[in-house]
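Got the model open in your viewer? Let's take a walk through it, one selection at a time.

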Amino acid sequence: MEVCRICKNRTNEEAFLFLKNIPISSEAKNENFKSTVKDLRINRCIKCNYLFIDNQLNDTYYDDYLYTPQVSKDVKDYLNNFTSKVIKKFPINSTYKGLEIGSGEGSLCLAFKEKGIDFTGVEPSEHLSKESIKIGVKTFNSYFGDGLISELNSDYDFIVIRHVLEHIDDFENFFLNILKVSKDSTKLIIEVPYLGNILKEKQYYGFFFEHLSYFSIESLSILLNKYGFYINDYEFANPEGGSILIYTSKKKNDKLLIDTFNENDFNDFKGDFTSFKSKFLEFILKFKHPVIYGAGQRSLTLISMLNLSNKEILCIFDENTNFDGLYTPEGKIKIINASNMENFVNKNKVDAIFIFASSYDKEIYSKYLSNQNIMYSIIPNIEKTSFKYKGINNE
Ligand SMILES: [Zn+2]
């Protein structure tokens, strides 16, 4: 029996899904890094429409975090568009102050700053904080916890929390601290991976130890209401395999909140799990010299779920320079900067590229693949997967 992080009720269900031998860290590491694997038990609270796992990470896990998706053009465009949407949605003036919790290397704060709004970042990773300070963003290198609150203002107009909430274990402490830095008119803008995409697209690799929560609109609403915030609006967004972006404030409203999935989707998801691995492996191992694009968490989780190693996969490409020369924690597949792709492909007779970073497939295609004679496949979902050649389907 597990206790729901939102409603605190014990769930009487057996595990919703039980994934064996998942590495604790889904980050790229040095070649000599010794990976620890554990079984991942995913629980479900029916009352909250919420999936969750127990926290197995230690308190300092994010101190030397490297993962930031904010390097590609797609991501920068997304963040620019994000700031424009927020500014359009709420009448913002230049006296407004914003706070981003989990601000990574500062791109979003900078995008707001460039539009005349003062934004401060909070980021636990030392490396990412330094990058953020370098580009001129006021950044606290800290977790968003009791120790930091006295150093922050108590009246931010906007608090942005993108792809952070799913990493939080203690919601009570987190939201009580949010209340300490907000006022009655504060808008809270939250983006998290959406459970509907995970279920509908059969993203078994969407579950990993860093993500403690898998949110529906319903569960987000129940959680936020506890602390006096209400969802005023929401939209679906592209990042991280499919996300939900919610706009909340302390103003009650009767916005209709509708999730895009139902009980059948939970059943289908569970039902197809056993055949997923063999289908995927059969698909990938048809090739002699395959490579993968994308060294993010979903990608690394999928690689270890499939037990892929440097014996089957020549390398992984990614354009995030933080990953250059590092390896997958399991299977020790080397990560090479995507700028070297053309050379590598020709030299090593690469015969297929599997794009695991499916949210960015269009950008990856136009930047790296459009002028190469190579088969590639975008991996969102094994049922939908096909091969393409020069942008054309090649079944
Ligand atoms: Zn619950």
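Start by selecting asparagine 49, which sits in the loop between strand 4 (37-45) and strand 5. Helices (H or I, at least four residues) and strands (E, at least two) are DSSP runs, numbered from the N terminus. Asparagine 49 isn't a glycine, yet its phi is positive, about 55 degrees. Is asparagine 49 buried or exposed? Buried, with 21 other C-beta atoms within 10 Å. The cut-offs: a residue is buried if 20 or more other C-beta atoms lie within 10 Å of its own, exposed if 12 or fewer, and partly exposed in between, with C-beta atoms placed from the backbone.

Before going further, two housekeeping notes. This is a predicted model, where local features need pLDDT of at least 70, side-chain atom pairs count only at pLDDT 80 or more, and totals for chains, interfaces and linings use all residues. Residues are numbered from 1 along each chain as its sequence is written.

**Stop two: the four-stranded sheet**

Now pick up strand 5 (50-52). It belongs to an open sheet of four strands, in the order 3-4-5-11, with antiparallel pairing. At the edges are strand 3 (17-23) and strand 11 (213-214), each of which pairs on one side only. Two strands pair here if DSSP finds at least two bridges between them. Strand 5 and strand 11 run antiparallel to each other over two bridges. To see one of the partnerships, select leucine 51: its bridge partner in strand 11 is tyrosine 214.

**Stop three: helix 7**

Next, select 217-226, which is helix 7. It lies across strand 12 and strand 13 (243-249), running at about 150 degrees to strand 12. Axes are lines fitted to C-alpha atoms, for helices over the stretch in contact, and angles run from 0 to 180 degrees between N-to-C directions. Show side chains for Ile217, Ser219, Leu220, Ser221, Leu223 and Leu224, the buried residues of helix 7. What do they pack against? Strand 5, where you have just been, along with helix 5 (171-180), strand 12 and strand 13. Contact means that the C-beta atoms of two residues, placed from the backbone, lie within 7 Å. After helix 7 comes glycine 228, with a positive phi near 80 degrees.

**Stop four: the seven-stranded sheet**

Strands 12 and 13 take you into an open sheet of seven strands, ordered 8-7-6-9-10-13-12, with mixed pairing. Strand 8 (139-140) and strand 12 (230-237) stand at the edges with a single partner strand each, so one side of each has no neighbour in the sheet. Within this sheet, colour strand 6 (residues 97-101) and strand 7 (residues 118-122): they pair in the parallel sense over five bridges. Click on lysine 97 and look across to aspartate 118, its bridge partner in strand 7.

**Stop five: helices 1 and 2**

Select helix 1 (residues 73-89) and helix 2 (residues 107-114) together; their axes come within 9 Å and cross at roughly 45 degrees. That makes helix 1 oblique to helix 2: angles under 35 degrees count as roughly parallel, over 145 as roughly antiparallel, 65 to 115 as roughly perpendicular and the rest as oblique. On the helix 1 side, the contact is made by Lys76, Leu79, Asn80, Phe82 and Thr83, and on the helix 2 side by Ser107, Leu108, Ala111 and Phe112.

Stay on helix 2 for a moment. Six of its eight residues are buried, so helix 2 is largely enclosed by the rest of the structure. The buried ones are Ser107, Leu108, Cys109, Leu110, Ala111 and Phe112. Their cover includes helix 1, strand 6, strand 7 and strand 9 (156-162). Helix 2 is followed by glycine 116, whose phi is positive, near 90 degrees.

**Last stop: proline 193 and lysine 202**

Proline 193 lies in strand 10 (residues 182-193) and counts as buried, with 24 C-beta neighbours inside 10 Å. Leaving aside neighbours within four places in sequence, proline 193 is in contact with Glu166, Ile198, Gly206, Glu240, Gly241, Gly242 and Ser243.

Finish at lysine 202, in the loop between helix 6 (195-200) and strand 11. Lysine 202 has a positive phi of about 50 degrees although it is not a glycine, and with 20 C-beta neighbours inside 10 Å it counts as buried.
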